[in-house]
Amino acid sequence: MKAKNIGIAIAKKLNEIGVFTLADLAEMTPKIAYQKICDKYPEKTIPKCYYLYSLQGALLDLDWRELRNEIK
C-alpha cells in the first residue's frame, strides 16, 4: 500500500491483519486496525501517536502531525 505515513513496517503489519488497500483500512477503521496490530504483538509497545495517527492521516492524505486535535 502506498500512502502517506505508511512505511514498510506499518504496511507489513497491516497486511498481517488483512489490510492491503486504503479502502480496506477505511472499512476496518484506523482504531480497529491499531487494536488488531496491538493484539497481534502483545509483547511490543506500539506507540499510539505513531500508528493510530499515521493510519488516520493516511486516509486523509495528511502527515500524521498535521491532524487536528479533534481527530486525535
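Let me start with the side chain of N15, which reaches the backbone oxygen of V19 at 2.9 Å, a polar contact in the sense of a pair of N or O atoms within 3.5 Å, where within protein one must be able to donate a hydrogen and the other to accept it, and where residues adjacent in sequence count only if both atoms are side-chain atoms. Please keep in mind that this is a predicted model, in which local features need pLDDT of at least 70 and side-chain atom pairs count only at pLDDT 80 or more, while totals for chains, interfaces and linings use all residues. Residues are numbered from 1 along each chain as its sequence is written, and side-chain values use heavy atoms, with hydrogens and water left out.

N15 is found in helix α1, helices being DSSP runs of H or I with at least four residues, numbered from the N terminus. At 33% relative accessibility N15 counts as partly exposed, that is, between buried, under 20% relative accessible area, and exposed, over 50%, with a 1.4 Å probe and protein chains only.

Which residues of α1, residues 8–16, are buried? They are I10, A11, K13 and L14, and because they cover an arc of only 165° around the axis, they lie on the same side of α1, the arc being that of the directions from the helix axis to the C-beta atoms. On the other side of α1, I8 and K12 are exposed. The cover over the buried residues of α1 includes α2 (22–28), α3 (30–40) and α4, and just after α1, G18 takes a positive phi of about 90°.

Terms used:
Helices (H or I, at least four residues) and strands (E, at least two) are DSSP runs, numbered from the N terminus. Contact means heavy atoms within 4.5 Å.
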